[in-house]
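This briefing covers one chain, read from its overall dimensions down to single residues. The points are grouped by topic.

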Amino acid sequence: MVRTFHDYVHERFRAQGLKGRELLKATEDVGKPALELLEPSVLHYHRWAYRRANREDLLRHLAEEATAPTAIPGEEQATVLFVDLVSFTPLAATMGDQAAAEVLRRFSAACARQRRPARGQGG
C-alpha cells in the first residue's frame, strides 16, 4: 500500500516539480483522505479472512475424526499442480483477452470437477 501510494502519487507530484513543504502538503492532501477510505476496507477484509480462517479451523477439527493430526503442529500435506497451456500466449493474442479468459474459466471448471479430496480432507 505504501509503495503503491509512493509510486503513483508522491512520485507523480515530484515529476511535476513539487519539492519540500509543497510536496509534503500535496502528498498529505491526497494521502489523508485516501487513508480514511482505505482503513475501513482493510478492516472489512481482515474480518472476512478471520471468519474464513475460523471456519477452516473448524473443518480441520471435524476432519481429524477421519484423519489423525500430524505429529508436528501446523504441518499439512498438500498437492500442488502447475499447468502449462502450450501456445496459450499466441492463442490469447489471437482470440483477445475476453475469449482467453473464458477458455481459462472453462479449463479451471473442468479441473475442479476432476479434483478428488485426499484422505477425507476437503478440496
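About 11,100 Å² of the chain is exposed, and 58% of that area comes from carbon and sulfur atoms. The model is predicted. Of the 123 residues in the chain, 11% are buried.

**Overall dimensions**
- The radius of gyration of the chain is 24 Å, whereas a compact globule of 123 residues would have a value near 14 Å.
- Taken along the principal axes, the box filled by the C-alpha atoms is roughly 65 × 45 × 25 Å.

**Secondary structure**
- The chain contains 4 helices and 0 strands.
- In sequence order the pattern is α-α-α-α.
- Helix α1 covers residues 2–15, and helix α2 covers residues 20–63.
- Helix α3 spans residues 88–95, and helix α4 spans residues 97–114.

**Packing of α3 and α4**
- The axes of α3 and α4 lie 6 Å apart and form an angle of about 130°.
- That angle makes α3 oblique to α4, because values between 115 and 145 degrees fall outside the perpendicular and antiparallel ranges.
- On the α3 side the contact is made by Phe88, Ala92 and Met95.
- On the α4 side the residues are Asp97, Ala99, Ala100, Val103 and Leu104.
- Sorted by class, this contact between α3 and α4 has 7 nonpolar residues, no polar residues and 1 charged residue.

**Contacts around Thr27 and His10**
- Thr27 is in helix α2, while His10 belongs to helix α1.
- With a relative accessible area of 12%, Thr27 is buried, because the cut-off for buried is under 20%.
- Leaving out residues up to four places away in sequence, Thr27 touches Phe5, His10 and Phe13.
- With neighbours within four places in sequence set aside, His10 is in contact with Phe5, Leu23 and Thr27.
- Phe5 thus appears among the contacts of Thr27 and among those of His10.
- His10 and Gly31 are 21 residues apart in sequence, and their C-alpha atoms are 9.3 Å apart in space.

**Ala63 and the loop that follows α2**
- Ala63 lies in helix α2, whose residue range is 20–63.
- Ala63 has 14% relative accessibility and therefore counts as buried.
- Between the C-alpha atoms of Ala63 and Asp84 the separation is 32 Å, with the two residues 21 apart along the chain.
- Ser87 is placed in the loop between α2 and α3.
- The phi angle of Ser87 is near 60°, which is a positive value in a residue other than glycine.

**Two pairs at a sequence separation of 21**
- For His10 and Gly31, the C-alpha to C-alpha distance is 9.3 Å.
- For Ala63 and Asp84, the corresponding distance is 32 Å.

Definitions and conventions:
Residues are numbered from 1 along each chain as its sequence is written. This is a predicted model: local features need pLDDT of at least 70, side-chain atom pairs count only at pLDDT 80 or more; totals for chains, interfaces and linings use all residues. Side-chain values use heavy atoms; hydrogens and water are left out. Axes are lines fitted to C-alpha atoms, for helices over the stretch in contact, and angles run from 0 to 180 degrees between N-to-C directions. Helices (H or I, at least four residues) and strands (E, at least two) are DSSP runs, numbered from the N terminus. Angles under 35 degrees count as roughly parallel, over 145 as roughly antiparallel, 65 to 115 as roughly perpendicular and the rest as oblique. Contact means heavy atoms within 4.5 Å. Ala, Val, Leu, Ile, Met, Phe, Trp, Tyr, Cys and Pro count as nonpolar, Asp, Glu, Lys and Arg as charged, and the others, Gly among them, as polar. The radius of gyration is taken over C-alpha atoms; the globule rule is 2.2 Å times the number of residues to the power 0.38. Buried means under 20% relative accessible area, exposed over 50%, partly exposed in between (1.4 Å probe, protein chains only). Accessible areas come from the Shrake-Rupley method with a 1.4 Å probe; for residues, only the protein chains shown count as cover.
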